[in-house]
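Here is a guided look at a protein model for anyone who likes to think with the structure open. Have the viewer ready and follow along at your own pace.

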Amino acid sequence: MISVSNVSMRYGAKVLFEDVSITFVSGRRYGLTGPNGAGKSTFMKVLTGELDAQKGNVVRPRKFGVLRQDQYAFDAYRVIDTVIMGNKPLWAALEERDRIYEKAELTDEDGMRLGELEGVVGEEDGYTAESDAAVLLQGLDIADELHERKMSELQGGEKVRVLLAQALFGNPQALLLDEPTNYLDLESIQWLQEFLLKFEGTLITISHDRHFLNAVCTHIADIDYQTIIIYTGGYDEMVEAKTQIRSRLESQNEQREKKVAQLNEFIARFAAGTRSSQVTSRKKEVERLQSSELARSNIQRPFIKFEQIRPSGKQTIEVEGVSKKYGSDTALKPFSATVMRGEKVILIGRNGQGKTTMLKSLLAGMSDLEPDFTTDGGVVKWGHEAQVGYFPQDHTGAIDHDTTVFEWLYRWDTKKTKEEIRGLLGQMLFSGDEGLKKTSALSGGEAARLLFCKLMLQKPNVLILDEPTNHLDLEAINAMNTALQRYEGTVLLVTHDRDLIDDVGTRIWRFDGGAVDDHKGPYSEITEAQSIAAR
């Protein structure tokens, strides 16, 4: 169990949450939701003790696991040791025991201390720690040969999975996970869901994966209206309940504002007249109403609409025997396929299996998209009038850092008026002076929204999107989901978001070891076939 009492956090004039008192009950699984900037990560840091609340108290269990976001903090350690560090009492005992054994001669005190430490190791299941850690790593697709390597030798996605195993290790009484599905593939997400459903302690997780929240959570703790409200059920149930509550609250706000306006009108008319007592009472009523005014919702919803200037030819892409190697490693085995206009192809598979390589192979040689990428064989033929819009997984080189948001977007269509550019930016929540923000200062979510602005401005008839949800909040992901369903052009999309796969995909390319299985149908047909085969 974790409880907070009268906890408040604000930055300058911005109130994140105030006088929050909540008990997170053992056996329940809570999703912590709210738009980017609402205070989710701040509240999580308060819960873990990484950040002190400006006001209030937090009570935590003795053992709790935390998914750490610093990927470089454990670079000097073995992968298996990094996982074991998730059990702090055990790791401290193991380190002290090793230091004692390194001494040339042991004293009687050393012997007694070793006995105490062995007791701790036994109580914390230390004698099976490495095998227990290995099981967690295998479940998260960290191969056995990596377990003895240093963390510094792993890729970013692999490090995240090791840190997730660290949080899960040692039977913690509570788990606090900040974006646990980031960089995880579908199989790893499914494994994590099943693990968490069996977890008997308290779970609090931040996630922008709607399917994950619906599958795992028994309750949603939503940050809004400068407080945190607990809803029973998953994310979709929270949205339905919150919509009803928000309508009621905003109706109350509207009625209060009308009342204040009426009172102020009376005060203005009779302030200098003979009705001073009535004026005084109305002034007090205005003060009372204004002081109790309800906080407004901080929810902001972007509006995404993908259009095409003109459709492509009936046959959008023809791929003939395309392949790619990196040194001696085969990233993409020879593959052939034809994609027709309007198809929405979802590329799925475990990380490192060739999905991004496939997209880059399709774009190879395009001067403004992937000019430096080359394939080892095969041919890609683009159909008549095909115009490509590209959202790369790595935003680093996609947006120049020497300009402003407005100037960068305006470069892509100088025929547009400044008002049209500002309107498009406003759709993606860059309102007012935010259009003057330096592109070098953009967060990951802001950079993603700016790239969507570019795609909406260009109006291509082919969209190639490589994990576009990585830095988006749930409101933006839902807006993108709807926009892709309504888009009449052709889509090739790499994603691990199950809702996007189910709602958008009409065709699935499954990657495994560089080979591609081309399923001409939705993902539900694959899962149904797997379910029948498992019976």
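The sections below go from model confidence to strands, helices and cores.

## How far to trust the model

What you see is a predicted model. The protein has an average pLDDT of 89, and 97% of the residues score at least 70.

Confidence varies from element to element. Strand β16, residues 490-494, has the highest mean pLDDT among the elements, at 97, while helix α10, residues 276-291, has the lowest, at 73. As a reminder when you zoom in, predicted coordinates should not be read in detail where pLDDT is low.

## The six-stranded sheet

A good place to start is the open sheet of six strands, whose order is β14-β15-β16-β12-β17-β18 and whose pairing is mixed. At its edges are β14 (388-391) and β18 (515-519), each of which pairs on one side only. From one strand to the next, the twist averages 15°. Within this sheet, β12 (residues 344-349) and β16 run parallel and are joined by four bridges. If you would like a landmark there, look for V345, which stands opposite L492 in β16.

Two helices lie across these strands. Helix α14 (residues 444-458) crosses β14 and β15 (462-466), running at about 180° to β14. Helix α17 (residues 523-534) lies across β12, β17 (507-512) and β18, and runs at about 60° to β17.

## Two nonpolar cores

In soluble globular proteins, nonpolar side chains tend to be buried together. Here the largest nonpolar core has 44 residues, and those with the most contacts inside it are I304, F306, L409, L425, L450, F452 and L484. Helix α14 supplies the largest share of this core, nine residues. F306 is worth a closer look: leaving out residues up to four places away in sequence, F306 touches F452, L455, M456, L463, A483, L484 and Y487.

There is also a second, separate core of 42 residues, with L140, V162, I189 and L192 among them.

## A pair of packed helices

Two packed helices are described by the angle between their axes and the distance between the axes. For helix α6 (residues 156-168) and helix α7 (residues 186-198), the angle is about 5° and the axes are 13 Å apart. Angles under 35 degrees count as roughly parallel, so α6 and α7 are roughly parallel to each other. At their contact, R161, L164 and L168 of α6 meet S188, W191, L192, F195 and L196 of α7.

## Strands at the start of the chain

Strand β1 (residues 2-11) pairs with strand β2 (residues 14-24) in the antiparallel sense, over seven bridges. One of the bridge pairs is Y11 with K14 in β2. The hairpin of these strands has two residues between them, and G12 takes a positive phi near 65°. β1 also pairs in the antiparallel sense with strand β4 (residues 55-59), over four bridges; S3 has V59 in β4 as its bridge partner.

Is V4, a residue in β1, buried or exposed? V4 has a relative accessible area of 2%, and it is buried because that value is under 20%. Apart from neighbours within four places in sequence, V4 is in contact with V20, S21, I22, F43, L47, N57 and V58. The C-alpha atoms of V4 and R60 are separated by 8.9 Å, although these residues are 56 residues apart along the chain.

Note on methods. Residues are numbered from 1 along each chain as its sequence is written. This is a predicted model: local features need pLDDT of at least 70, side-chain atom pairs count only at pLDDT 80 or more; totals for chains, interfaces and linings use all residues. Side-chain values use heavy atoms; hydrogens and water are left out. pLDDT is the predictor's confidence in each residue, from 0 to 100. Two strands pair if DSSP finds at least two bridges between them. Axes are lines fitted to C-alpha atoms, for helices over the stretch in contact, and angles run from 0 to 180 degrees between N-to-C directions. Contact means heavy atoms within 4.5 Å. A nonpolar core is a set of buried Ala, Val, Leu, Ile, Met, Phe, Trp, Tyr and Cys residues joined through side-chain atoms within 4.5 Å. Buried means under 20% relative accessible area, exposed over 50%, partly exposed in between (1.4 Å probe, protein chains only). Angles under 35 degrees count as roughly parallel, over 145 as roughly antiparallel, 65 to 115 as roughly perpendicular and the rest as oblique.
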